[in-house]
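Me: Could you take a close look at one part of this model for me? I'd like the helix packing between two of the chains, and then whatever else helps put that part in context.

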Amino acid sequence: MIPDASSTSVEAWSRPRAPQWSFIASLVIVCLGAVVVFTMTQWLDRYAVTLCALLLINAALAVSLTVSNGLSGLFSLGHPAFMTIGAYVAAILTFPATRKGTMLPDLPEWLAAIEAPMLPAVLLGGGVAGLVSLVVGYAVLRLKGHYLAVATLGLIIVVQGLVRNWDGLTRGGSGLSGLPRHVDIWWAYGYLVIVVALAWRIKYSSLGRAIMAVRENELAAECSGINSARLKILAFSVGAVLAGVGGALTAHLISVITPGTFSIVLAFNLVVMVVIGGAGSITGAVLAAAGITLLSESLRPVEEAANLYGLSQVVVAVCLIAVLYMRPSGLFGSGEPSIVKRIFGGRGQA
Amino acid sequence: MLEVRELNVFRGATHVIKNVSFNVEEGQIAALIGANGAGKSTTLLTLSGLLRPRSGTAVFRPDAQEVDLTSAPSEKIVRAGLIHCPEGRQIFHSMTVRENLEMGAYAQLDQKLVSKTTAEVLELFPILAERSGGMAGSLSGGEQMMLALGRALLAQPKLLLLDEPSLGLAPLVIERIFDVIAELRRRGVTILLIEQNAAMALDLADTAFVMETGSIVLSGSGADLALNDKVRQSYLGGAA
Amino acid sequence: MQADAAPKLEINDLSKRFGGLLAVDRYNLVLRQADLVGLIGPNGAGKTTAFNLATGILRPTAGRIRIAGRDLTGARPHVIAKAGLARTFQNIRLFADLTVAENIMCGGHARHAAGTVSTLLQLPSFWRAEQTLRNEAYRLIESLDLGALAARRAGDLSYGDQRRVEIGRALATQPDVLLLDEPAAGLNPSETSELMAFIRKVNETLGIAILVVEHDMSLIMGLCQRLQVLNRGALIFEGAPQQAQTNEAVIEAYLGTRRRAKANA
Amino acid sequence: MTQYVFQQVINGLALGSLYALLAIGFSMIYGIVRLINFAHGDLVMIGGFATLALVSAGVPWPVILVFVLCVGAMAGIAIETVVFRPMRGADQVTGFIATLAVSIAIQNSTLMALSGQPRNFSFPAFMRQRIDIAGSSASLTDLTIIGLTLLLIGGLFLIVYRTKMGQAMRATAENLTAARLMGVAVNRTIMTAFAIGSALAAVAGLFWGGKFGQIDPLMGFEPGLKAFVACVIGGVGSIGGAMLGGYILGLAEILFVGLLPQEYSGYRDTFVFLLLIVILLVRPSGLFIRQTEERA
């Protein structure tokens, strides 16, 4: 019954490979970004560079939340929990062995002796966060909508409580300060590039389509042979691994980690970035993260001068409510602007 | 009593009701038949003020009043006497039978009239008197339908919109429900009826409209439509 | 095409109880290759519940479901779908925010998609899998005459087009058995007759066994080789469609008694 | 030992009263508009600061109690009409994000206006005395909180189960469409539910300040979350369940701290939220509501 479509038209319509030049375009843009970063390191002062690094990490975190929330339609607020886990794991590994004896006297011998380099520490941090997310996800992802949101909010409090009370391993409420400053803006930039590339690859693949299908209609997805439980855990855990890495990088950028460093306010801010950018839109998440970080940083001097601490959060909250009123699907919906898609080869459209 | 002109209703981006016009005269039973998804329930929801049309007019004229159904809030429409008994019965499961009936009389201020009507309803459906203290959710499907009808009657309907009263009920119960509908007409209630069981609906109706994909494609007296080939083909189970 | 005599779908004494209500009561069905069976009954008779049981959305209280000889009673829907049972829904359930092409490609995901690692690293096997998915989706889109709509957002399509896309997505899973839940609801008569031709084509040329629930009697009578009538959860009739029209129990439960009274008069 | 346990139980009941007051409002609002109102906890803070302002103006306590009820009701109505009503009909997650935003906005506006410095807060001195009951003693503050809470809850039950408005509220909560078809003015009904729930939360703020002696702009966060846990324990949407859930949570928390060795007391909140996750998984519809399978 199926008419034999001529092979040329099949190819024209259905060529999945991104055109060669879009790979080159991506490379060019990555290099251009690198040039911008290099210029920054030359011209800006240290504080400003650190701020830019934080901005890049925030953008990457927002994109990772786009994978675990935006594509899958899950509503998890658990990112700060995974960041905390990743940060502590990495920090314990990289902490100078000479100071571990005094600050963390209860560490097991083998841990106390380790003084790991940054890269393996970060990867392990992400890995442990990922493992935790598998266990938690198995339990929690059966919940729907705002039940999941509150359960993951509870997860933040559980993780913070454990970290605060597990003195021997974490130094409790006072946290770990004086972490080696292994992370600079280049790490942050590399992290952003990798996260965006991974998110893009997932989104524009059969895997990503299936995850979005679960978001759009779980029952229909299941009845089309898609294992929705597995895909939800996958999306949740990919986000958690990336969050763990982000947490580890942030801790080593600001050289301190406490149980409260990654708080519920951060969860809120990340969700705002995803919602304003458009749930599922990678470009939207990057732009919204940059915009919101810049907005709240530019309000900081005002807060300090006028003694109005909290102003930036009020502004962010009001912006969010305004977006929910006027564009409930965010700036870009769940898609990508066509120009971005043309450059990077978005292959979702026919 | 009811006059609908050029009504257009959208649900999201979907154009569900397309240029629908019809009249229901006082004292009549009008039937609206058609396939699932043709837009019948949407029409009723629009008339009772729960959905707003994009364009068109719908006017309800009980006695000397005139109510614009496209703009009046639903509570005002109810007070004017247009009562909608919705699809799937929609009784309040976790409230008692008595409380459900009280909700029917929610918009009524005249307590004397309410207790008189309550007595009438309980006489019409003795089972409701028997079960008045029990939870409505524990009633059988047929009893729930009677409760839904009783609740609607307590609202003192001048025009009663009935959405699929036979849904999921046994044939005997359906006949009982249809007897009640006929009885209501005798008491002067005007009725607009949606019914899957087209044969029974056409048998009872003074006028009838056939709806397909959001438009009214046929109209006429119930008896005429029952003899119409197209109607027989599509809704009455083929040529008999 | 040589008809395969082994049943593709076999349902034995399937029952489902919700609280005190027996929604499906010992339902039986055997579908062989290229069968085309209709299931009718009043609203609330348990037709959709039977579909939900067969596709694993609900777990049966009792009874067995075998697909191509495999016992899949109580299996999850995606397992059942992979085993060869596809369906459509009474209230269309498309992936509204995805394009028509993407919707159809989702149907092929279970059979063709590359693994997670292969996807993340974009290994050659990933590109091969994507190519296969695309080619299949393209052929299906051509044969369903959806070419002009391929890049449109599924949620923006008309009712009739959405129905066709949903059937296309079900076919993309390459099923042995297709369950259609009120496929003609909301279609006008000319769309309905197109749909009938299409269902017949799928049934005859692909050899897919089809069970269709429908209220539109012209579709049922014009299409089905065999008819089942369900009332209050139980089968009250199974046989040729023409016999159903003269069957007392069926007339009583579904076609209506008053009509008969009128016909006699 | 019995003396100690008795005091712990009274303490737990007092804390449970606070949770119950909050959880009831939370549950009413969820029941009627299916919205998890994250900003509900911040009404505790508003109630606390309103009390403080009235105390420093020298207003007598019974008047303060009435006033705080009114302030809470008005705040609830304001939040409902300005933010939530325009979003009614949006999906649950959108609504939840909006309540999160409202909460953050309220907290930070208060921070801006009043700074984050905690303020001392105290009931009149005589409230600190202890009362002897059957050989054990309990603080008058705790007993007052328990007593007044029971009164307020009793009043609420009267409204909900004995008045026409209450009946309309229950009907709307169960089936909004059917309630509209009965002629219930749902906007007014929903506003009333918000007003009552928020008034109870504000009074909980008054009690909270009195029990713990301090208030600050971020104080509402923790009780807000715990009220949600209490609701989940009792079954979200059920008023009686929310009340029981509040008392169970208060008692469990105090007994967890009071009966386990000292070094575990830091895990109090961890315990509460592990409890939440376990209950969500085992009995998502709560301990007191029978599980039913939906007919798909």
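Reply: Here is a walk through one helix and its two partners, followed by a few single residues and the confidence scores.

Keep in mind that this is a predicted model. Overall it scores ipTM 0.84 and pTM 0.87.

Let's start with α8(A), the helix that covers residues 145-165 of chain A. What does α8(A) pack against in chain D at an angle of about 150°? That partner is helix α11, residues 268-282 of chain D, and the two axes are 8 Å apart. With an angle over 145° counting as roughly antiparallel, α8(A) is therefore roughly antiparallel to α11(D). The contact draws on Y147(A), V150(A), A151(A), G154(A), L155(A), I157(A), V158(A), G161(A) and L162(A) from α8(A). Facing them from α11(D) are D269(D), T270(D), F273(D), L274(D), L276(D), I277(D) and L280(D). As for handedness, the α8(A)/α11(D) crossing is left-handed.

The other chain D partner to look at is helix α9, residues 221-234. Its axis and that of α8(A) come within 11 Å and cross at roughly 130°. This angle makes α8(A) oblique to α9(D). On the α8(A) side, the contact is made by Y147(A), V150(A), L153(A) and I157(A). On the α9(D) side, you'll find F221(D), L225(D) and F228(D). This crossing of α8(A) and α9(D) is left-handed.

Put the two lists next to each other and you can follow individual side chains of α8(A). Y147(A), V150(A) and I157(A) appear in the contact with α9(D), and Y147(A), V150(A) and I157(A) also appear in the contact with α11(D). L153(A) is listed for α9(D), while G154(A) and G161(A) are among the residues listed for α11(D).

Now for the rest of chain A. L74(A) sits in the loop between α3 (46-71) and α4 (79-94). Is L74(A) buried or exposed? It is buried, because its relative accessible area is 9% and the cut-off is under 20%. Beyond four places in sequence, L74(A) is in contact with S68(A), N69(A), L141(A), L148(A), K232(A) and F236(A). One of these, L141(A), is 67 residues away along the chain, yet the C-alpha atoms of L74(A) and L141(A) are separated by 8.1 Å. Another, L148(A), falls within the residue range of α8(A).

In helix α4 of chain A you'll find M83(A). M83(A) counts as buried because its relative accessibility is 1%. Setting aside neighbours within four places, its contacts are L61(A), A243(A), G244(A), G247(A), F262(A) and L266(A). If you want a long-range distance, M83(A) and G330(A) lie 247 residues apart in sequence and 25 Å apart in space, C-alpha to C-alpha.

How do the chains sit relative to each other? There are 5 pairs of chains in contact, and chains A and C share the most contacts of those. Chain A and chain B do not touch, with 14 Å between their nearest C-alpha atoms.

Chain B still has some spots worth a visit. T46(B) is in helix α1, residues 40-47. It counts as buried because its relative accessibility is 3%. Its side chain reaches the backbone oxygen of T42(B) at 2.7 Å. Further along the sequence than four places, T46(B) is in contact with L7(B), V9(B), L51(B), P53(B) and L69(B).

Two backbone angles in chain B deserve a second glance. Most residues other than glycine have a negative phi. E6(B), which is not a glycine, has a positive phi of about 50°. It is found in strand β1, residues 2-11, and counts as partly exposed because its relative accessibility is 45%. T213(B) also has a positive phi, near 40°. Its place is the loop between β9 (207-212) and β10 (215-221), and at 18% relative accessibility T213(B) counts as buried.

Finally, confidence. Chain D, which supplies α9(D) and α11(D), averages a pLDDT of 89, with 97% of its residues scoring at least 70. Residues 291-296 of chain D stay under 50, and the model has 17 contacts beyond four places in sequence for them. Chain C averages 87, with 94% of its residues at 70 or above. Its residues 258-265 stay under 50, with 12 contacts beyond four places in sequence. Where pLDDT is low, the predicted coordinates should not be read in detail.

Definitions and conventions: Residues are numbered from 1 along each chain as its sequence is written. Chains are lettered from A and ligands numbered from 1 in the order in which they are written. This is a predicted model: local features need pLDDT of at least 70, side-chain atom pairs count only at pLDDT 80 or more; totals for chains, interfaces and linings use all residues. Side-chain values use heavy atoms; hydrogens and water are left out. pLDDT is the predictor's confidence in each residue, from 0 to 100. Contact means heavy atoms within 4.5 Å. Helices (H or I, at least four residues) and strands (E, at least two) are DSSP runs, numbered from the N terminus. Buried means under 20% relative accessible area, exposed over 50%, partly exposed in between (1.4 Å probe, protein chains only). A polar contact is a pair of N or O atoms within 3.5 Å; within protein, one must be able to donate a hydrogen and the other to accept it, and residues adjacent in sequence count only if both atoms are side-chain atoms. Axes are lines fitted to C-alpha atoms, for helices over the stretch in contact, and angles run from 0 to 180 degrees between N-to-C directions. Angles under 35 degrees count as roughly parallel, over 145 as roughly antiparallel, 65 to 115 as roughly perpendicular and the rest as oblique. A crossing is left-handed if the near helix is turned anticlockwise from the far one by less than a right angle, and right-handed if clockwise.
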